[in-house]
Amino acid sequence: MKAAVYKAKQRLEVEEVATPTPGPGEVLVRVKYCGICGSDVHRFMHDMVRPGAVLGHEFCGVIEELGEGVEDWAVGDRVVGGGGNPPPGSAGGLSAEPRYTPRTLGLRASSARGAFAAYVVMPAWRALPIPDGVSDELAAIVEPCAVAMHAVRLSRLRLGDTVAILGGGPIGLLALQLARAAGAGRVFVSEPAPARRRAAEELGANRVLDPTALDVVSELVEETGGIGPDVVFDCAGARRTLHDSLEVVRREGQVVLVSLAWEEGYILPVEWVGREIEMKASYGSLPRDWQLSLDMMRRGLVRSEPLISAESIVPIEGIQEAFMGLMSPDEQVQILVRP
Ligand SMILES: [Zn+2]
């Protein structure tokens with residue numbers, strides 16, 4: 001089968017590799033789409049992958065073969081590649097390693113057998129069924145949707161609250177939809193890339209700001225009558241966005257840090273202390289976030305079309321170019337690789 005193999009810093013090569021066989025308790029999934037995650041781009045950019053590894057954790061597909069003892073699935077079932085409840089006794093969430101951070105121990109999904117490949121093997125319990133009426137394109141973004149779901153559910157967003165989302169990448173655009181579903185009043189998005197700004201507009205943001213053209217902090221303070229938004233989600237992780245989040249949020253408001261920033265940032269603590277801001281971090285997602293995401297997709301509360309155009313879907317042969325482009329996104333919103 002074809003797979004995009006990580007070779008060296010910023011280099012992927014599509015190669016013919018052996019098709020994996022499912023072991024006991026595993027299933028073989030024929031990959032329909034695998035999304036390129038911001039974290040994949042970071043790994044690629046900063047060389048945080050073992051050579052020979054295959055990345056890709058945001059995927060959907062069809063079960064092709066069942067390993068020994070697998071009874072809950074049938075060949076032909078449509079699945080997303082995560083979100084199932086771990087079997088009793090296996091550690092889940094962040095509890096596995098008490099001092100875990102991506103910086104010291106690497107990102108969790110740096111597995112050697114990812115889904116930028118025609119087939120992938122996974123534990124049968126980990127897959128989730130795709131409900132009828134949820135398209136493959138929508139199912140392919142369940143993982144980023146679960147990350148946004150986790151962040152919105154951890155936030156203290158209340159009915160009618162004003163929300164600012166800094167960063168209109170896939171996570172920010174999904175957070176926009178979920179914040180709305182959670183009852184947010186006005187939602188503002190700040191994003192430098194034009195295609196992402198257009199997507200935010202299509203998804204009904206009240207105002208979309210270009211941080212390269214104006215001062216987002218003063219604009220948002222003005223938009224909110226001199227008060228500032230109630231909740232700010234930092235979905236960008238750019239050098240200034242955490243600082244801007246703390247500066248713009250209302251007194252006693254909440255900042256939720258969702259993005260994984262790999263560079264040192266700038267914070268002025270007096271800004272944080274002086275207005276008694278609450279700071280909350282949100283990392284990744286839990287099975288329940290995936291399950292709720294699929295359910296909201298089934299109910300039509302999350303849309304994929306503004307994030308995924310025909311040009312967003314690239315054949316596996318185009319993966320190197322797609323990664324290069326995503327290092328400084330301009331026209332890209334969400335890229336799905338079709339193996
Ligand atoms: Zn991801």
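A residue is called buried here if 20 or more other C-beta atoms lie within 10 Å of its own, exposed if 12 or fewer, and partly exposed in between, with C-beta atoms placed from the backbone. This is a predicted model, so local features need pLDDT of at least 70 and side-chain atom pairs count only at pLDDT 80 or more, while totals for chains, interfaces and linings use all residues. Residues are numbered from 1 along each chain as its sequence is written.

**View 1. Arginine 156, in the loop between α4 and β8.** Helices (H or I, at least four residues) and strands (E, at least two) are DSSP runs, numbered from the N terminus. Arginine 156 has 12 other C-beta atoms within 10 Å, so it counts as exposed. Look across to valine 256: the two residues are 100 apart along the chain, yet their C-alpha atoms are separated by 9.4 Å.

**View 2. Helix α4 (residues 142-154) crossing helix α5 (residues 170-181).** Two packed helices are described by the angle between their axes and the distance between the axes. Here the axes come within 8 Å and cross at roughly 55 degrees, which makes α4 oblique to α5. Axes are lines fitted to C-alpha atoms, for helices over the stretch in contact, and angles run from 0 to 180 degrees between N-to-C directions. As for the wording, angles under 35 degrees count as roughly parallel, over 145 as roughly antiparallel, 65 to 115 as roughly perpendicular and the rest as oblique. The crossing of α4 over α5 is right-handed, meaning that the near helix is turned clockwise from the far one by less than a right angle (anticlockwise would be left-handed). On the α4 side the contact takes in Pro144, Cys145, Val147, Ala148, Met149, Ala151 and Val152, and they meet Pro170, Ile171, Leu174, Ala175, Leu178 and Ala179 of α5. Contact means C-beta atoms, placed from the backbone, within 7 Å. Sorted by class, that comes to 13 nonpolar, no polar and no charged residues. Ala, Val, Leu, Ile, Met, Phe, Trp, Tyr, Cys and Pro count as nonpolar, Asp, Glu, Lys and Arg as charged, and the others, Gly among them, as polar.

**View 3. Helix α4 again, now with helix α10 (residues 287-298).** These axes also come within 8 Å, crossing at roughly 110 degrees, so α4 and α10 are roughly perpendicular to each other. From α4 come Val142, Cys145, Ala146, Met149, His150 and Arg153, and from α10 come Asp289, Trp290, Leu292, Ser293 and Leu294. The mix is seven nonpolar, two polar and two charged residues.

**View 4. Helix α7 (residues 216-223) packed on α8.** The angle is about 25 degrees with the axes 10 Å apart, which makes α7 roughly parallel to α8. Val216, Val217, Leu220 and Val221 of α7 meet Asp244, Glu247 and Val248 of α8. By class, the contact of α7 with α8 has five nonpolar, no polar and two charged residues. The crossing is right-handed.

**View 5. An open sheet of six strands in the order β10-β9-β8-β11-β12-β13, with parallel pairing.** β10 (207-209) and β13 (278-281) each have a single partner strand, so these edge strands are left with one side lacking a neighbour in the sheet. On average, neighbouring strands are turned by 15 degrees against each other, direction ignored. Strands pair if DSSP finds at least two bridges between them. Zoom in on β8 (residues 163-166) and β9 (residues 187-190), which run parallel and are joined by four bridges. Leucine 166 has serine 190 in β9 as its bridge partner.

**View 6. Antiparallel pairing of strand β3 (residues 26-35) with strand β4 (residues 58-66).** Eight bridges join β3 to β4, and valine 29 stands opposite isoleucine 63 in β4. Three bridges then link β4 to strand β5 (residues 78-80), again antiparallel, with arginine 78 in β5 as the bridge partner of valine 62.

**View 7. Two glutamates with positive phi, glutamate 252 and glutamate 276.** Most residues other than glycine have a negative phi, and most peptide bonds are trans. Glutamate 252 has phi near 60 degrees and sits in the loop between α8 (241-248) and β12 (254-257). Glutamate 252 counts as exposed because it has 10 C-beta neighbours inside 10 Å. Glutamate 276, with phi near 45 degrees, lies in the loop between α9 (269-274) and β13. Glutamate 276 is exposed too, with 9 other C-beta atoms within 10 Å.

Conventions:
Two residues are in contact if their C-beta atoms, placed from the backbone, lie within 7 Å.
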